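Open the model in your viewer and get ready to make a few selections. We will go from strands to single side chains, one stop at a time.

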Amino acid sequence: ANNDTVKVTNYNYRYQKLDTVLYCKCIPLYMPGVTYTDVEYNLLVYPARNTWNYLTDKKEIDYEKGKPLKPIVTNYDYNNLNYQPSDMITDYGANNGVSRTDYYYPDNRDTSEVYNIMLKKNIISDVVEQKNYHGQQQNNMSLINGQKNIYEVIVNNDFMPVVAESNSCTW
């Protein structure tokens, strides 16, 4: 196995304490001689501390003949409202450059009618725009492509996606 290439991937996580939430549990009251359809339940409500565990970075290292090659490191940042990724930055090593993907949600776009409707309906996890960048250094990247979902307002304060624009370097 000395001639094989082996990939090792390490994941690092953090957690954030969130507010206390109430959980419900139904507890059946069993009584002798009562059929299953006649069973009554007690509802138990109890508070519990909630946490959010999230990926902060991923490191992939290839080993050839037992020697490590340059690692590929991806760092993640998150949107505070919906806990979805806001951007991902991947460093491919000295000669292969850096890429970044930015994700945009209804809460961090303009205040158009469509985005306001989405927020009122608690539609906060849909990616409405994505931009992909690449360059040799993190502070010197160029937009290479992206996708923007265009929505149209229809009747009764509702909306629908009209088109998904995929473009290369046109924003």
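Start by selecting residues 72-78 and 85-91, which are strand 4 and strand 5: they pair in the antiparallel sense over six bridges. Keep in mind as you look around that this is a predicted model. Colour by pLDDT if you like: the chain has a mean of 86, and 90% of its residues reach 70 or more. Strand 4 has the highest mean pLDDT among the elements, 96, whereas strand 9 (residues 158-167) has the lowest, 77.

Now show the side chains of Tyr76 and Met88; Tyr76 stands opposite Met88, which belongs to strand 5. Follow the chain from one strand to the other and you trace a hairpin, with six residues between strand 4 and strand 5. Stop in its turn at Tyr83, where phi is positive, at about 60°.

Next, add residues 98-104, which make up strand 6. Strand 5 and strand 6 run antiparallel and are joined by five bridges. Pick out Asp87 here: across from Asp87, in strand 6, is Asp102. These two strands also form a hairpin with six residues between them, and Gly93 has a positive phi near 110° there.

For the next stop, go to strand 2 (residues 40-64) and select Thr56. Is Thr56 buried or exposed? Its relative accessible area is 13%, so Thr56 counts as buried, the cut-off being under 20%. Display what surrounds Thr56: beyond its neighbours within four places in sequence, the contacts are Asn12, Tyr13, Arg14, Thr74, Asn75 and Tyr76. You have already met Tyr76, opposite Met88.

Step along to Asp57, also in strand 2. Which side chains make polar contacts with the side chain of Asp57? One is the side chain of Asn12, at 2.7 Å, and another is that of Thr56, at 3.1 Å. Asp57 is buried yet has no salt bridge. Draw a distance to Arg14, the nearest side chain of opposite charge, and you will find 6.4 Å, whereas a salt bridge calls for a side-chain nitrogen of Lys or Arg within 4 Å of a carboxyl oxygen.

To finish, display the contacts of Asp57, again leaving aside neighbours within four places in sequence: Asn10, Tyr11, Asn12, Thr74, Asn75 and Tyr76. Keep Thr74, Asn75 and Tyr76 on screen, as they are listed among the contacts of Thr56 and also among those of Asp57.

Terms used: Residues are numbered from 1 along each chain as its sequence is written. This is a predicted model: local features need pLDDT of at least 70, side-chain atom pairs count only at pLDDT 80 or more; totals for chains, interfaces and linings use all residues. Side-chain values use heavy atoms; hydrogens and water are left out. Helices (H or I, at least four residues) and strands (E, at least two) are DSSP runs, numbered from the N terminus. Buried means under 20% relative accessible area, exposed over 50%, partly exposed in between (1.4 Å probe, protein chains only). Contact means heavy atoms within 4.5 Å. Lys and Arg count as positive and Asp and Glu as negative; His and the chain ends are not counted. A polar contact is a pair of N or O atoms within 3.5 Å; within protein, one must be able to donate a hydrogen and the other to accept it, and residues adjacent in sequence count only if both atoms are side-chain atoms. pLDDT is the predictor's confidence in each residue, from 0 to 100. Two strands pair if DSSP finds at least two bridges between them.
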